[in-house]
Amino acid sequence: MKLDHLVQNWIVRKPVARSRGGIVATQNRVAGEAGARILAAGGNAVDAAVATGFALATVEPWNSGLGGVGFMLVYIAREDRVHVVDFGPISPLALDPADYPLVGGGVTTRDLFTWPTVKEDRNVHGPLSIAVPGHVDGMGLALEKFGTFKFADVLAPAIALADRGIAADWYLTLKVAMTARELSRYDTTRRVWLPTGFPPVTIAGAPLEHIKLTGLADTMRRLARGGRREFYEGSLAADLVEDLHAMGGSLAAEDLRQYGARVVPALETEYRGAQLALAPGLTAGPTMASSLRELERMNVTGRGPGAEAFVAYASVLRAAYSERLETMGETSDHRDPSTTTHLNVVDRDGNMVALTQTLLSVFGSKVVLPRTGILMNNGIMWFDPRPGTPNSLAPGKRPLTNMCPLIAHRGGKAWFAIGASGGRKIFPAVFQIASFLIDHGLGLEDAFHHPRIDASGGDTVGMDPRLPSAVQEALAAQFPVAATELVVLPTNFACPSAVYRDPATGEHYGVSDVMSPWSGAVAEDAGA
């Protein structure tokens with residue numbers, strides 16, 4: 001199947017990191033280098049993951065940060081066991097569904113989900129779109145339970161990056177330009193991201209300009225001094241609440257005081273001799289587990305994924321999303337789900353981390369809080385604004401999310417850790433790449449560079465036109481299909497990353513999303 005218009009007439013490959021020591025794979029190599037330096041200084045996988053997670057708030061701030069949420073999977077080698085750190089979103093206790101009246105007329109939101117439109121898009125941006133942020137408590141709890149470094153020490157790289165500012169290269173200009181109308185709605189946000197009234201641009205040939213995320217470095221210093229609960233119970237919490245109250249938000253001091261990240265057992269499922277650990281509950285983990293059980297009944301193994309395998313992938317994915325739509329209150333994407341970030345770490349001792357963290361939409365709620373410089377999430381958009389569904393708006397409630405971090409272990413050792421960003425496209429990407437590795441014996445580099453499909457809801461199966469013609473013909477014979485190009489923007493496919501331990505040699509590998517300009521995998525001996 002040919003495209004009417006080819007956006008990118010090139011072949012892109014992403015380098016793979018290789019080491020006997022530790023590796024960090026992330027959507028932003030600068031943040032990954034911060035984590036690799038923690039590994040080189042003797043830190044373990046959790047130390048490096050937390051340092052990288054905080055660093056991402058300063059160099060990729062539109063995807064995640066202090067105002068966000070997420071899930072972390074931690075494999076402890078000496079236990080051969082995976083733990084889950086859940087720092088997912090919760091709606092404010094004072095949330096009133098009546099504050100989100102539907103516009104009517106069948107209009108749908110033009111962001112990640114096809115919910116009926118709420119008056120003034122209150123669930124999409126602005127102070128009423130903000131869920132209780134769990135990022136800081138989740139990072140701190142993971143460090144306390146499984147790390148070795150002090151909280152202030154893993155914050156230090158992020159503070160240094162925040163002091164320097166984020167480089168205004170072409171990709172930053174493009175990301176800001178795509179959201180400029182929404183960013184201009186809020187005074188503090190506009191002053192940071194549209195300082196001249198336009199997206200930041202570095203003049204050709206000039207040294208890169210840097211955008212200072214006003215207040216963020218000082219906020220991180222306050223956290224380094226006060227610890228993770230400073231965000232929820234200290235003077236920093238008071239500043240957050242005061243700003244939100246002044247803007248008309250419903251998030252209050254009691255929401256922050258009551259919030260606590262938690263360590264919960266992983267959802268474990270066996271697949272063709274491997275143990276796969278997933279995040280449980282209101283994530284894509286349960287759907288992934290049931291889909292793998294269905295795939296295991298099909299004949300998809302071989303010397304590379306061919307037509308039979310891709311038809312099986314499409315069939316399983318379409319059935320899985322049909323069930324999520326009918327029974328879990330999820331609905332389909334409406335446009336580019338380019339948001340969220342994912343990172344993975346393996347250390348010299350074989351511990352692994354798969355960490356997905358997010359603001360939900362690109363730039364989250366579009367609200368930068370003036371006293372702290374924190375960009376807040378828009379987690380309320382995860383809820384269905386219609387009453388009477390499993391995922392309907394309600395106070396003090398956890399919504400259904402799309403995150404799907406995964407760690408595979410086999411024979412008493414970790415095998416690979418993987419995850420992705422990209423909204424509802426996350427699970428199909430993780431599902432297919434896991435099958436490439438397990439069912440077809442592909443190496444990490446080949447698995448990540450292999451074309452995929454996307455069947456994350458909607459009427460058609462998106463096919464990468466680089467797939468062999470036999471695969472495309474087999475898919476077209478059974479499903480409505482559409483040619484879908486893998487491009488920098490829009491994000492037509494999810495953006496995965498992974499670390500991998502070679503079972504034969506014990507050597508470690510890492511790779512990041514092929515088409516993300518800033519992504520990269522960094523070995524600890526390259527992070528100095």
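This report walks through a few helices and two single residues in a predicted model.

## Helix 3, mostly under cover

Let's start with helix 3, which runs over residues 135–146. From its first C-alpha to its last, this 12-residue helix reaches 16 Å, close to the 16 Å expected at 1.5 Å a residue.

Most of helix 3 is covered, with 10 of its 12 residues buried. If you want to find them, the buried residues are His135, Val136, Asp137, Gly138, Met139, Gly140, Leu141, Ala142, Leu143 and Phe146.

## Helix 2 alongside helix 3

Two packed helices are described by the angle between their axes and the distance between the axes. Helix 2, made of residues 45–59, has an axis that comes within 9 Å of the axis of helix 3, and the two cross at roughly 165 degrees. Angles over 145 degrees count as roughly antiparallel, so that is the label for helix 2 and helix 3. The crossing of helix 2 past helix 3 is left-handed.

Who meets whom here? On the helix 2 side you'll find Val46, Asp47, Val50, Gly53 and Phe54, and they meet His135, Met139, Ala142, Leu143 and Phe146 of helix 3. Sorted by character, the residues of this contact come out as 7 nonpolar, 2 polar and 1 charged. The helix 3 residues in this contact also turn up in the list of buried ones, Met139 and Phe146 among them.

## Helix 8 and helix 10

Further along the chain, helix 8 (residues 216–226) packs with helix 10 (residues 235–247). Their axes are 10 Å apart and the angle is about 140 degrees, so this pair is oblique.

In this pair, Thr219, Arg222 and Leu223 from helix 8 meet Ser235, Leu236 and Asp239 from helix 10. The residues of this contact split into 2 nonpolar, 2 polar and 2 charged.

## Two loop residues

Now for a pair of loop residues. His450 sits in the loop between helix 15 (444–449) and strand 14 (453–454). Is His450 buried or exposed? Buried means under 20% relative accessible area, and His450 has 18%, so it counts as buried. Leaving out residues up to four places away in sequence, His450 touches Pro305, Phe310, Phe436, Leu442 and Leu467.

Gly388 is in the loop between strand 11 (352–358) and strand 12 (406–410). With a relative accessible area of 83%, Gly388 is exposed. Gly67 is 321 residues away from Gly388 along the chain, and their C-alpha atoms are separated by 29 Å.

Note on methods
Residues numbered from 1 in each chain as written. Predicted model: local features only at pLDDT ≥ 70, side-chain atom pairs only at ≥ 80, totals over all residues. Heavy atoms only, no water. Helix = DSSP H or I, 4+ residues; strand = E, 2+ residues; numbered from the N terminus. Expected span 1.5 Å × (residues − 1). Buried < 20%, exposed > 50% of the residue type's maximum accessible area, 1.4 Å probe, protein only. Axes fitted to C-alpha atoms, helices over the stretch in contact; angles between N-to-C directions. Parallel < 35°, antiparallel > 145°, perpendicular 65-115°, else oblique. Left-handed = near helix turned anticlockwise from the far one by under 90°. Contact = heavy atoms within 4.5 Å. Nonpolar A, V, L, I, M, F, W, Y, C, P; charged D, E, K, R; others polar.
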